[in-house]
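This report describes the enclosed and open spaces of one protein model, then turns to a helix and a loop residue beside it.

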Amino acid sequence: MIVILKKGATEPAINEFVEDVKQKGFGVHISTGVDKTIIGLLGDTSKLVPEDLLANDIVETAERVSVPYKMASRSFHPENTVVCIGTGQSGVIECKIGDGKTVPVIAGPCAVETEDQIMNAAFAVKKAGARILRGGAYKPRTSPYSFQGLGKEGIKLLEKAKKETGLPICTELMAISELKNFENVDLIQVGARNFQNFDLLKELGKFNKPVLLKRGLSGTINELLMSAEYIMANGNENVILCERGIRTYDGYTRNCLDVSAVPYLHKVSHLPVVIDPSHACGIRWMVGTLAQSSVAAGADGLEIEVHCCPEKAWSDASQQLPPSQFEELMIKLGKYAAVEGKTM
């Protein structure tokens, strides 16, 4: 249920109302906008009568939220959420996703392979204009015989690249037991195969790091938002949704990019939406076109795989761009963003 307070409601009156609601056993989420304050009531509100809340002088309206996701809903939080990545201190660049002014790009290789490889990629993507460095330290692979990542050593190499370039780092978490190794990771990615690993999502709700939550291979929009709800309900509201293509009956591409997810998610949720065109198609020559369409659709950011020598990549070689192509793409994307009054 959401309760909209009257303009001019005093802080003491709001605090008194909130305490009263909490004493009745409900969780409270407060969203303060430019013109109004919205209080979301969390829990079993079926026995609450909205009209009864109107008896309080500071309440303007009260209504039930019909969608199952509450904290991720725009009804609870009308203003867009802006997620800050990086600290802005010690030479680390701060990047904002969802500010409506920029379309930051998260770029780097599919997997961290060697120190030279990740360093070269880091400097290359930074030169081209990327704002965050990505690289898989832990790799979920369909085959148990495929390269599974360097693990903790891979994170150490990402941390070194971060120190050398100033780029915040993004890498995928696969298991709760590895969370202790992510203290210096700026953006934790939850991959498509783990997007409904609810125990993992709950732990990320308690971990004070922004989360990039990818849609599952056959996941619905509602399922994606409910997964975000798991993280947010446990205390972490810094969630970025990621559309990375879904599985359909046609196999001409690795996955099928659902561009329509961007405007729909912006309509029903306040969370930023990023698109990963690399996994969406799995084909190098298509990545640029899908990235352009993503910017045109209003995506708040992009995640693009870049490898200095794609033909020698240890995983997903066919979808990674060489630095020269990535640099050309960033120039082109800048023109698309400019049409929307944004920058890359």
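## Cavities, pockets and a helix

Two cavities of 30 Å³ or more turn up when the whole structure is searched. The model is a predicted one.

The table gives the volumes of the two largest pockets and of the cavities.

| Space | Volume |
|---|---|
| Largest cavity | about 40 Å³ |
| Second largest cavity | about 30 Å³ |
| Largest pocket | about 250 Å³ |
| Second largest pocket | about 180 Å³ |

**The cavities.** R134, G135, G136, Y138, K139, C170, T171, E172, Q189 and E303 form the lining of the largest cavity. Strand β9, which covers residues 169–172, is the element that gives the most to this lining, with three residues. Sorted by class, the lining of the largest cavity holds four charged, four polar and two nonpolar residues.

The second largest cavity is bordered by D20, V21, K24, F26, L41, L48 and L53. How many nonpolar, polar and charged residues are in the lining of the second largest cavity? Five are nonpolar and two are charged, with no polar residue in the lining.

**The pockets.** The largest pocket has 15 lining residues, and K139, P140, R193, R254 and H279 are those that lie nearest its centre. K139 also appears in the lining of the largest cavity. In the lining of the largest pocket, eight residues are charged, four are polar and three are nonpolar.

For the second largest pocket, the lining consists of R284, W285, G288, T289, Q292, L321, Q325, E328, L329 and K332. Two helices, α9 (284–297) and α10 (323–339), each supply at least two of these residues. Which helix gives the most to the lining of the second largest pocket? Helix α9 does, with five residues. By class, this lining divides into three nonpolar, four polar and three charged residues.

**Helix α1.** Helix α1 runs over residues 11–23. At 1.5 Å a residue, its 13 residues should span 18 Å, and this agrees with the computed separation of 18 Å between the end C-alpha atoms. I14, F17, V18 and V21 are the buried residues of α1. Seen down the helix axis, these buried residues fall within an arc of 100°, so they line one face of α1. P12, E16 and Q23 are exposed on the other side of the helix.

What do the buried residues of α1 pack against? Their partners are the strands β1 (2–5), β2 (27–32), β3 (37–42) and β4 (59–63), together with helix α2 (50–53). One of the buried residues, V21, is also part of the lining of the second largest cavity.

**After the helix.** G25 comes just after α1 and takes a positive phi of about 95°. F26 is located in the loop between α1 and β2. Is F26 buried or exposed? Its relative accessibility is 13%, and F26 therefore counts as buried, the cut-off for this class being under 20%.

Leaving aside neighbours within four places in sequence, F26 is in contact with V21, L42, G43, D44, T45 and L48. Among these partners, L42 is 16 residues away from F26 in sequence, while the two C-alpha atoms are 5.5 Å apart in space. F26, V21 and L48 are also among the residues that line the second largest cavity.

How values were computed: Residues are numbered from 1 along each chain as its sequence is written. This is a predicted model: local features need pLDDT of at least 70, side-chain atom pairs count only at pLDDT 80 or more; totals for chains, interfaces and linings use all residues. Side-chain values use heavy atoms; hydrogens and water are left out. On a 1 Å grid over the protein atoms alone, a cavity is a set of points where a 1.4 Å probe fits but cannot get out, and a pocket is an open set with protein on both sides within 12 Å along at least five of seven lines; lining residues have an atom within 4 Å of a point. Grid points are joined across faces, edges and corners, and a volume is the space filled by probe spheres set on the points. Helices (H or I, at least four residues) and strands (E, at least two) are DSSP runs, numbered from the N terminus. Ala, Val, Leu, Ile, Met, Phe, Trp, Tyr, Cys and Pro count as nonpolar, Asp, Glu, Lys and Arg as charged, and the others, Gly among them, as polar. The expected span of a helix is 1.5 Å times one less than its number of residues. Buried means under 20% relative accessible area, exposed over 50%, partly exposed in between (1.4 Å probe, protein chains only). The arc is that of the directions from the helix axis to the C-beta atoms. Contact means heavy atoms within 4.5 Å.
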